Amino acid sequence: MSEALHSLLDLLDLERIEEDIYRGHSRSAVVPRVFGGQVAAQALVAAGRTVPEDRHAHSLHAYFLRPGDPGAPIVYNVDRLRDGRSFTTRRVVAVQHGKPIFGLSASFQAYEEGLDHQAPMPPAPDPATLPTGEERLRSYPHLPADTVERFVEARAAVDLRYVDDPPFGDFGTPREPHSQVWFRTNGKLSDDPLLHVVLATYVSDMTLLDSVLLAHGRGGWAVGDVVGASLDHAMWFHRPFRADEWLLYDQQSPSASGGRGLGQARIYTEDGRLAISVIQEGVVRVPREH
């Protein structure tokens, strides 16, 4: 296991303060606020720790309410909304400086047999044939050195490989609003199903709005031609998967308007099983010229 992954797992291992109350800390991010994937993953950890082990997360719905302060602890308060025969529902509110910064609802289900079908996996190159995220980042001379180092550090726990140039690598001309990345953790994880769901949640916020930027030829936060932030995030976990094995994140944007952009995606295992569906809306604004 890489040192960066070990550090990330420590970050996600929340401190229990009281019954259904947990405390987490933050790490450096690409932008000067708490990374949205981190707070979503930590909130899911808090919810999962109040649920029986035989029930696994099947969906989450979340809102980013305020920018998080990376220099202050985050307190996660869990409400036990329902404990049914098949489903368990939890609500989590993340608080900093006395105000909510994030809210999450998550549902967990005991395993059962049922109808089964899925959308087919789209074509994608073998991840072993693609440059690593760090190699690709360092290949763009137009990116400031400090920006590259922030990206490399923020993503060091994950082996994330773009199929094509990301928005910040090739911008200025609109492209198809479609992006693919392969990802897996930089090291093996335990067999705890919640941990794999939590790590996928963490990574899911890294690139989902890229397809919005591609549609308009924008480079994004790395080059400063847009400003933005995640507004809400939803995930459905369809089938078991491991976050330490290759997952294909196939992303597209059906719409952008009113200063907001929508990204939707499917995450497949390397052998073609549809593991997760994801939808996110974010603020995507072009800076005003003065």
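This is a short talk on one sheet and the two helices described with it. Keep in mind that the model is predicted.

Let's start with the sheet. Twelve strands form an open sheet, and their pairing is antiparallel. The order runs β1-β2-β4-β5-β6-β3-β9-β12-β11-β10-β8-β7. Which strands sit at the edges? They are β1, residues 15-18, and β7, residues 158-162. Each of these pairs on one side only. On average, neighbouring strands are turned by 25° against each other, ignoring direction.

Now the helices. Helix α2, residues 36-48, packs on the sheet. Helix α2 touches β2, β3, β4, β5 and β6. The direction of α2 makes about 50° with that of β6. Helix α5, residues 193-207, also packs on the sheet. Among the strands α5 touches are β7, β8, β9 and β10. The direction of α5 makes about 145° with that of β9.

Next, the β1 end. Three bridges join antiparallel β1 and β2. One residue pair to look at is glutamate 15 with its bridge partner in β2, arginine 23. The two strands form a hairpin, with two residues between them. In that turn, aspartate 20 has a positive phi of about 65°.

Stay with β2. Its covered face holds Tyr22 and Gly24. Its uncovered face holds Ile21 and Arg23. How many bridges join β2 to β4? Four, and these strands run antiparallel. Glycine 24 has isoleucine 74 of β4 as its bridge partner.

Last stop, β8 and β10. Strand β8 covers residues 178-185, and β10 covers 247-257. They pair in the antiparallel sense over six bridges. Phenylalanine 183 has leucine 247 in β10 as its bridge partner.

Conventions
Residues are numbered from 1 along each chain as its sequence is written. This is a predicted model: local features need pLDDT of at least 70, side-chain atom pairs count only at pLDDT 80 or more; totals for chains, interfaces and linings use all residues. Side-chain values use heavy atoms; hydrogens and water are left out. Two strands pair if DSSP finds at least two bridges between them. Axes are lines fitted to C-alpha atoms, for helices over the stretch in contact, and angles run from 0 to 180 degrees between N-to-C directions. Contact means heavy atoms within 4.5 Å. Buried means under 20% relative accessible area, exposed over 50%, partly exposed in between (1.4 Å probe, protein chains only).
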